[in-house]
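Got the viewer open and a selection box ready? Here is a walk through the model, one stop at a time.

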Amino acid sequence: MENELLNAVLPLLPRAEDGGGFHAPTLDEFFPPAILFEGTPFEINRIIMVRLIAVALLILLLWIGTRRMRVVPGRGQSVVELLFGFVRTNIGEEILGRKDGRRFLPLLTTIFFLVLVTNITGVIPLLNIAGSSIIGLPLVLALVAYVTFIYAGIKDRGGAFFKTALFPPGVPKPLYLLLTPIELLSTFILRPISLMLRLLMNMVVGHLLLVLCFAATDFFLFNASVDGGLRLFSVGTFAFGIFFTLFEILVAVLQAYIFTLLTAVYIQLAVAEEH
Amino acid sequence: MFTLIAPMATEAAEEKSILLPAPYDIVWSSVVFFLLLAFFFFYALPRVRKVLDERSALIEGGIEKAEQAQAEAAVALDKYTQQLAEARAEAARIREQAREDGKKIIAEFREQAQAEAARISATAQAQIEAERQAAVTSLRAEVGSLAIDLASGVVGETLSDDARATALVDRFLADLEASEKAGK
């Protein structure tokens with residue numbers, strides 16, 4: 001299966017050759033066969049399973065972590081508080097201020113942790129694919145962010161929200177002909193799409209890169225058609241695999257941070273009196 | 001040309017796009033999202049907030065307590081300083097009193113000693129005077145008889161007439177005394 005998207009994001013990706021020894025990763029990676037409830041709206045495939053496991057583990061860990069909280073924290077509690085505190089302070093309060101930060105904290109915390117754990121499964125052995133690498137989760141989260149910032153804008157400022165969003169004050173009237181369509185497009189259409197695609201594509205490409213590196217390592221090391229000297233390539237591809245694994249950990253955390261941060265920024269822009 | 005949104009395969013068998021969500025994908029994404037939102041909203045975040053509130057209350061309480069303790073310590077210090085000052089003043093007063101008492105006692109003793117000395121010297125004076133009187137009286141008698149004896153011897157007659165003899169002696173002695181006084 002070849003397509004323009006894959007070629008665009010991975011120009012160096014070798015084509016799959018029928019009958020050849022090397023099988024390059026394709027987008028079929030993201031359409032695994034169903035495991036349960038095939039054909040129903042509750043179908044579960046490998047990626048959905050990974051997603052559910054990740055969220056179940058997250059809830060379990062945080063449940064244990066917050067079950068018996070002490071005023072004087074132990075080691076485990078300090079880590080849990082650090083994570084919660086990061087969202088509360090560095091995203092919520094820093095962008096939205098104390099009051100709104102507290103108001104939207106459950107949402108921001110949910111988005112951050114959900115994106116983080118579903119991203120990080122991409123580098124966890126046996127799971128090996130990001131739970132956020134199929135479009136449903138990025139789509140739902142982007143939609144949540146979209147609905148939330150519009151809700152926050154309307155709730156706090158009513159019609160003035162749309163007015164300042166579409167007709168930014170301090171601009172000569174004729175310019176609105178140009179400006180308003182742009183603002184409409186950027187605020188109400190491109191924001192959720194960019195949120196969604198940024199996360200999805202990071203995870204898709206990251207997964208493909210890792211598969212490519214480790215598939216190549218496997219190919220060079222074990223395929224019968226490879227000559228002796230060429231087997232040394234496996235060392236290089238494996239090193240790349242390790243590098244990209246570390247890189248993917250960074251990307252997983254970064255994307256969770258960016259998604260949450262942008263959601264907070266959009267809310268802040270919606271509730272702010274003046275831009 | 002394929003666009004991102006359009007189904008991307010030319011193989012028409014099953015059209016799949018990573019940008020077209022499957023219904024089950026949306027379902028499970030929503031499930032995990034709302035599950036997690038409920039977990040954070042109803043369980044985790046209230047607990048975290050509670051412990052943070054407790055901690056800040058504890059810290060505030062601690063600060064308050066420390067301030068209170070400090071204030072109490074300051075009051076106690078004031079009290080002790082005052083007591084110390086009072087004690088010092090008291091000690092100084094007692095010392096002063098003792099010094100005065102000592103002076104008084106010394107003065108008293110001195111007075112007493114002087115009185116005693118005066119008394120002793122007066123007694124001694126009186127005694128001396130008495131003894132002198134006695135000596136003078138006895139001497140007078142002795143000298144009288146001696147002189148008469150001597151005179152008798154010189155004159156060769158007995159001055160048996162006592163009245164004349166006594167008058168003589170008295171006159172003599174009076175002369176003697178007078179000359180003595182004049183000699184002084």
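Start by selecting Leu52(A), which sits in helix 2 of chain A. Keep in mind as you go that this is a predicted model. Buried or exposed, or something in between, for Leu52(A)? The relative accessibility is 22%, and because the cut-off for buried is under 20%, Leu52(A) counts as partly exposed. Now show what surrounds this side chain: leaving out residues up to four places away in sequence, Leu52(A) touches Ile44(A) from its own chain, plus Trp28(B) and Val32(B). Add Gly131(A) to the selection and draw a C-alpha to C-alpha distance: Leu52(A) and Gly131(A) are 8.2 Å apart in space, with their positions 79 residues apart in sequence.

**Next stop: where the chains meet**

Colour by chain and select the contact residues on both sides. You should get 55 residues of chain A in contact with 37 residues of chain B. Together the two chains bury about 4100 Å², and 77% of that is on carbon and sulfur atoms. Which residues of chain A lose the most area to chain B? Pick Phe31(A), Val71(A) and Thr110(A); together they make up 14% of what that side buries.

For polar features, there are 13 residue pairs in polar contact across this interface, counting pairs with both residues at pLDDT 80 or more. Several elements of chain A give two or more residues to the side that touches chain B, among them helix 1 (4-9), strand 2 (44-45), helix 3 (75-103) and helix 7 (176-222). Helix 2 of chain A, where you began with Leu52(A), supplies the largest share of that side, ten residues. Colour the chain A side by class and you get 36 nonpolar, eight polar and eleven charged residues.

Salt bridges come next: two of them link chain A and chain B. For one to look at, select Arg55(B) and Glu81(A), whose side chains meet at 2.9 Å, N to O.

**Into the core**

In soluble globular proteins, nonpolar side chains tend to be buried together. Here, the largest nonpolar core has 77 residues, and Phe30(A), Phe84(A) and Phe40(B) touch the most other members. Elements from both chains give two or more residues to this core, including helix 6 (159-166) and helix 8 (233-271) of chain A and helix 1 (23-155) of chain B. Which element gives the largest share? Highlight helix 1 of chain B, with eleven residues.

Zoom in on Phe30(A) and show its contacts. Beyond neighbours within four places in sequence, Phe30(A) is in contact with Ile47(A), Ile129(A), Ser133(A), Ile134(A), Val204(A), His207(A), Leu208(A) and, from chain B, Ile18(B). Then move to a second, separate core of seven residues, including Leu212(A), Phe219(A), Phe220(A) and Val226(A).

**A charged cluster**

Select Lys99(A), Asp100(A), Arg103(A) and Asp156(A): a network of salt bridges links these residues. Start with Asp100(A), in helix 3 of chain A. Buried or exposed? Asp100(A) is buried, at 11% relative accessibility. Outside the residues up to four places away in sequence, Asp100(A) touches Asp156(A) and Val271(A). The salt bridge from Arg103(A) to Asp100(A) has its closest N and O atoms 2.7 Å apart. Both residues lie in helix 3, three residues apart, about one turn of the helix. Arg103(A) is partly exposed, at 31%.

**Along helix 1 of chain B**

Jump to Glu90(B) and Arg93(B), which form a salt bridge with closest N and O atoms 3.2 Å apart. These two lie in helix 1 of chain B, about one turn from each other. Glu90(B) is partly exposed at 38%, and Arg93(B) is partly exposed at 47%. Then go to Glu116(B) and Arg119(B), in a salt bridge at 3.0 Å between closest N and O atoms.

**Last stop: two backbone oddities**

Which residues have a positive phi although they are not glycines? Select Phe37(A), with a phi of about 55 degrees, in the loop between strand 1 (34-36) and strand 2 of chain A. Phe37(A) is partly exposed, at 46%. Finish at Leu126(A), with a phi of about 80 degrees, in the loop between helix 4 and helix 5 of chain A. Leu126(A) is exposed, with a relative accessible area of 78%.

How values were computed: Residues numbered from 1 in each chain as written. Chains lettered and ligands numbered in written order. Predicted model: local features only at pLDDT ≥ 70, side-chain atom pairs only at ≥ 80, totals over all residues. Heavy atoms only, no water. Contact = heavy atoms within 4.5 Å. Buried area = accessible area lost by both parts, 1.4 Å probe. Salt bridge = Lys/Arg side-chain N within 4 Å of Asp/Glu carboxyl O. Polar contact = N/O pair within 3.5 Å; in protein donor to acceptor, adjacent residues only side chain to side chain. Helix = DSSP H or I, 4+ residues; strand = E, 2+ residues; numbered from the N terminus. Nonpolar A, V, L, I, M, F, W, Y, C, P; charged D, E, K, R; others polar. Buried < 20%, exposed > 50% of the residue type's maximum accessible area, 1.4 Å probe, protein only. Core = buried A, V, L, I, M, F, W, Y, C linked by side-chain atoms within 4.5 Å.
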